[in-house]
Amino acid sequence: MKELNLPFELGMDYEELELYLGEFNNFLNYIPCRNELLFSMDILNGIIITLSKIQSESITNLLSGLLGNFQTISESEYTLHTYKTGKFTLCVIMIGDEIKIVLSNKIQVIQKLLLSLI
(Lines give C-alpha, C1' and ligand atoms only; values in the text may rest on other atoms or scores of the structure.)
Protein backbone atom coordinates (compact mmCIF):
# COMPACT_ATOMS: atom_id res chain seq x y z
CA MET A 1 0.00 0.00 0.00
CA LYS A 2 3.02 2.29 -0.20
CA GLU A 3 1.85 3.42 -3.66
CA LEU A 4 -1.34 4.70 -2.02
CA ASN A 5 0.67 6.92 0.34
CA LEU A 6 -0.67 5.45 3.59
CA PRO A 7 1.39 5.76 6.78
CA PHE A 8 0.05 2.41 8.05
CA GLU A 9 -0.55 -1.04 6.61
CA LEU A 10 -3.29 -3.61 7.04
CA GLY A 11 -2.20 -6.25 9.52
CA MET A 12 -0.29 -3.82 11.75
CA ASP A 13 -0.59 -4.31 15.50
CA TYR A 14 -2.51 -1.71 17.54
CA GLU A 15 0.56 -1.07 19.69
CA GLU A 16 2.44 0.14 16.61
CA LEU A 17 -0.24 2.75 15.92
CA GLU A 18 -1.60 3.81 19.32
CA LEU A 19 1.07 6.48 19.74
CA TYR A 20 1.23 7.45 16.07
CA LEU A 21 1.94 11.17 15.94
CA GLY A 22 2.44 11.55 12.22
CA GLU A 23 -0.03 13.16 9.91
CA PHE A 24 -2.23 11.64 7.26
CA ASN A 25 -3.35 14.66 5.34
CA ASN A 26 -2.96 13.51 1.76
CA PHE A 27 -4.54 10.62 -0.12
CA LEU A 28 -3.97 10.68 -3.90
CA ASN A 29 -3.41 14.46 -3.61
CA TYR A 30 -6.76 15.01 -1.85
CA ILE A 31 -7.23 16.03 1.77
CA PRO A 32 -9.38 13.52 3.71
CA CYS A 33 -12.20 14.82 5.91
CA ARG A 34 -12.02 11.80 8.17
CA ASN A 35 -9.96 8.64 8.61
CA GLU A 36 -11.02 5.56 10.53
CA LEU A 37 -8.83 2.61 11.47
CA LEU A 38 -10.72 -0.59 12.25
CA PHE A 39 -9.12 -3.14 14.55
CA SER A 40 -10.03 -6.71 15.40
CA MET A 41 -8.11 -8.42 18.18
CA ASP A 42 -5.60 -5.53 18.06
CA ILE A 43 -4.85 -6.09 14.36
CA LEU A 44 -5.63 -3.41 11.77
CA ASN A 45 -8.21 -5.03 9.47
CA GLY A 46 -9.80 -2.06 7.76
CA ILE A 47 -9.35 1.58 6.84
CA ILE A 48 -12.08 4.04 5.87
CA ILE A 49 -11.03 7.33 4.28
CA THR A 50 -13.76 9.92 3.74
CA LEU A 51 -13.27 12.62 1.14
CA SER A 52 -15.56 15.58 0.63
CA LYS A 53 -17.29 16.34 -2.62
CA ILE A 54 -14.66 16.06 -5.35
CA GLN A 55 -14.57 14.79 -8.88
CA SER A 56 -15.14 11.06 -8.47
CA GLU A 57 -13.91 10.37 -11.98
CA SER A 58 -10.44 11.64 -11.09
CA ILE A 59 -10.27 9.33 -8.05
CA THR A 60 -11.25 6.28 -10.10
CA ASN A 61 -8.74 7.24 -12.81
CA LEU A 62 -5.92 7.59 -10.27
CA LEU A 63 -6.79 4.28 -8.61
CA SER A 64 -7.09 2.51 -11.96
CA GLY A 65 -3.62 3.71 -12.83
CA LEU A 66 -2.25 2.31 -9.56
CA LEU A 67 -4.37 -0.82 -9.07
CA GLY A 68 -5.72 -1.75 -12.48
CA ASN A 69 -9.29 -2.35 -13.61
CA PHE A 70 -12.30 -2.15 -11.34
CA GLN A 71 -15.83 -3.48 -11.14
CA THR A 72 -18.70 -1.00 -10.88
CA ILE A 73 -22.11 -1.32 -9.27
CA SER A 74 -24.34 1.67 -9.81
CA GLU A 75 -27.64 2.18 -8.04
CA SER A 76 -29.81 5.27 -7.73
CA GLU A 77 -28.50 6.02 -4.21
CA TYR A 78 -24.81 5.19 -4.67
CA THR A 79 -22.03 4.09 -7.00
CA LEU A 80 -19.49 1.49 -5.92
CA HIS A 81 -16.15 0.75 -7.58
CA THR A 82 -14.19 -2.30 -6.38
CA TYR A 83 -10.48 -2.90 -6.94
CA LYS A 84 -8.84 -6.18 -5.96
CA THR A 85 -5.13 -6.73 -5.55
CA GLY A 86 -3.19 -9.64 -4.11
CA LYS A 87 -2.92 -7.92 -0.72
CA PHE A 88 -6.25 -6.15 -0.22
CA THR A 89 -9.59 -5.06 -1.62
CA LEU A 90 -10.35 -1.37 -2.05
CA CYS A 91 -13.85 -0.03 -2.55
CA VAL A 92 -14.81 3.50 -3.54
CA ILE A 93 -18.37 4.36 -2.51
CA MET A 94 -19.92 7.57 -3.78
CA ILE A 95 -22.95 8.56 -1.73
CA GLY A 96 -24.33 12.06 -2.02
CA ASP A 97 -21.53 14.57 -1.56
CA GLU A 98 -19.08 12.15 0.07
CA ILE A 99 -16.65 9.60 -1.23
CA LYS A 100 -15.68 6.81 1.14
CA ILE A 101 -12.68 4.67 0.38
CA VAL A 102 -12.67 1.34 2.21
CA LEU A 103 -9.59 -0.91 2.34
CA SER A 104 -9.35 -4.34 3.90
CA ASN A 105 -7.50 -7.58 3.46
CA LYS A 106 -10.56 -9.57 4.58
CA ILE A 107 -13.65 -9.84 2.39
CA GLN A 108 -15.90 -10.28 5.45
CA VAL A 109 -14.79 -6.87 6.75
CA ILE A 110 -15.49 -5.27 3.36
CA GLN A 111 -18.98 -6.81 3.20
CA LYS A 112 -19.93 -5.62 6.69
CA LEU A 113 -18.57 -2.14 6.10
CA LEU A 114 -20.34 -1.77 2.77
CA LEU A 115 -23.65 -2.81 4.30
CA SER A 116 -23.25 -0.25 7.08
CA LEU A 117 -22.25 2.56 4.71
CA ILE A 118 -24.90 2.06 2.02
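In the predicted model, Y83 is buried, with a relative accessible area of 0%. The ring of Y83 forms an aromatic pair with that of F70, and the geometry of this pair is tilted, with 5.2 Å from centre to centre and 50° between the planes. The angle falls in the tilted class because stacked pairs have planes under 30 degrees apart and edge-to-face pairs have planes over 60 degrees apart. F70 lies in the loop between α2 (56-67) and β3 (71-74), whereas Y83 belongs to strand β4 (residues 78-84), so the contact ties together parts that are 13 residues apart in sequence. Unlike the buried Y83, F70 is partly exposed, its relative accessible area being 32%.

The count of aromatic pairs comes to two. Besides the pair of F70 and Y83, there is an edge-to-face pair formed by Y14 and F39, with a centre-to-centre distance of 5.1 Å and an angle of 80° between the planes. This pair links distant parts of the chain, since Y14 is in helix α1 (residues 14-17) and F39 is in strand β1 (residues 34-40), 25 residues apart. Y14 is partly exposed at a relative accessible area of 35%, and F39 is likewise partly exposed at 31%.

Y14 and F39 also contribute to the surface of the model. Together with L37, they make a nonpolar surface patch of about 230 Å². L37 is located in strand β1 and is partly exposed, with a relative accessible area of 32%. Patch members need over 30% relative accessible area. F39 passes this cut-off because its relative accessibility is 31%, and the value of 32% for L37 also lies over it.

A patch of negative charge is present on the surface as well, where E15, E16, E18 and D42 gather. Among these residues, E16 lies in helix α1, while D42 is placed in the loop between β1 and β2. D42 is partly exposed at 47% relative accessibility. The backbone of D42 has a phi near 65°, a positive value in a residue other than glycine. For comparison, most residues other than glycine have a negative phi. A positive phi is also found at L28, a residue other than glycine, with a value near 55°. L28 is situated in the loop between α1 and β1. In contrast to the partly exposed D42, L28 counts as buried at 12% relative accessibility.

Charged side chains also enter into salt bridges, of which the count is two. In general, side chains of opposite charge can pair when their charged atoms come close. In one salt bridge, the side chains of R34 and E36 meet at an N to O distance of 3.5 Å. The other brings together the side chains of E98 and K100, with an N to O distance of 3.7 Å. Both pairs qualify because the nitrogen-to-oxygen cut-off is 4 Å. R34 is partly exposed, at 47% relative accessibility. In the pair of E98 and K100, E98 is partly exposed at 35% relative accessibility, whereas K100 is buried at 15%. K100 is classed as buried because its value is under 20%, the limit for that class.

Several aliphatic residues are buried. Strand β2 (residues 43-51) contains L51, which is buried at 1% relative accessibility. The C-alpha atoms of L51 and P32 are separated by 4.8 Å, although these residues are 19 residues apart along the chain. Strand β2 also holds I49, which is buried with a relative accessible area of 0%. Between I49 and K87, 38 residues apart along the chain, the C-alpha separation is 18 Å. In helix α2, L63 is buried as well, with a relative accessible area of 0%. L63 and G96 are 33 residues apart in sequence, and the distance between their C-alpha atoms is 20 Å.

How values were computed: Residues are numbered from 1 along each chain as its sequence is written. This is a predicted model: local features need pLDDT of at least 70, side-chain atom pairs count only at pLDDT 80 or more; totals for chains, interfaces and linings use all residues. Side-chain values use heavy atoms; hydrogens and water are left out. Rings of Phe, Tyr and Trp (its six-membered ring) pair if their centres lie within 6.5 Å; planes under 30 degrees apart count as stacked, over 60 as edge-to-face and the rest as tilted. Helices (H or I, at least four residues) and strands (E, at least two) are DSSP runs, numbered from the N terminus. Buried means under 20% relative accessible area, exposed over 50%, partly exposed in between (1.4 Å probe, protein chains only). Patches are made of residues with over 30% relative accessible area and no salt bridge: like charges are joined within 9 Å, nonpolar side chains (Val, Leu, Ile, Met, Phe, Trp, Tyr) within 5 Å. Accessible areas come from the Shrake-Rupley method with a 1.4 Å probe; for residues, only the protein chains shown count as cover. Lys and Arg count as positive and Asp and Glu as negative; His and the chain ends are not counted. The place of a charge is taken as NZ of Lys, CZ of Arg, CG of Asp or CD of Glu.
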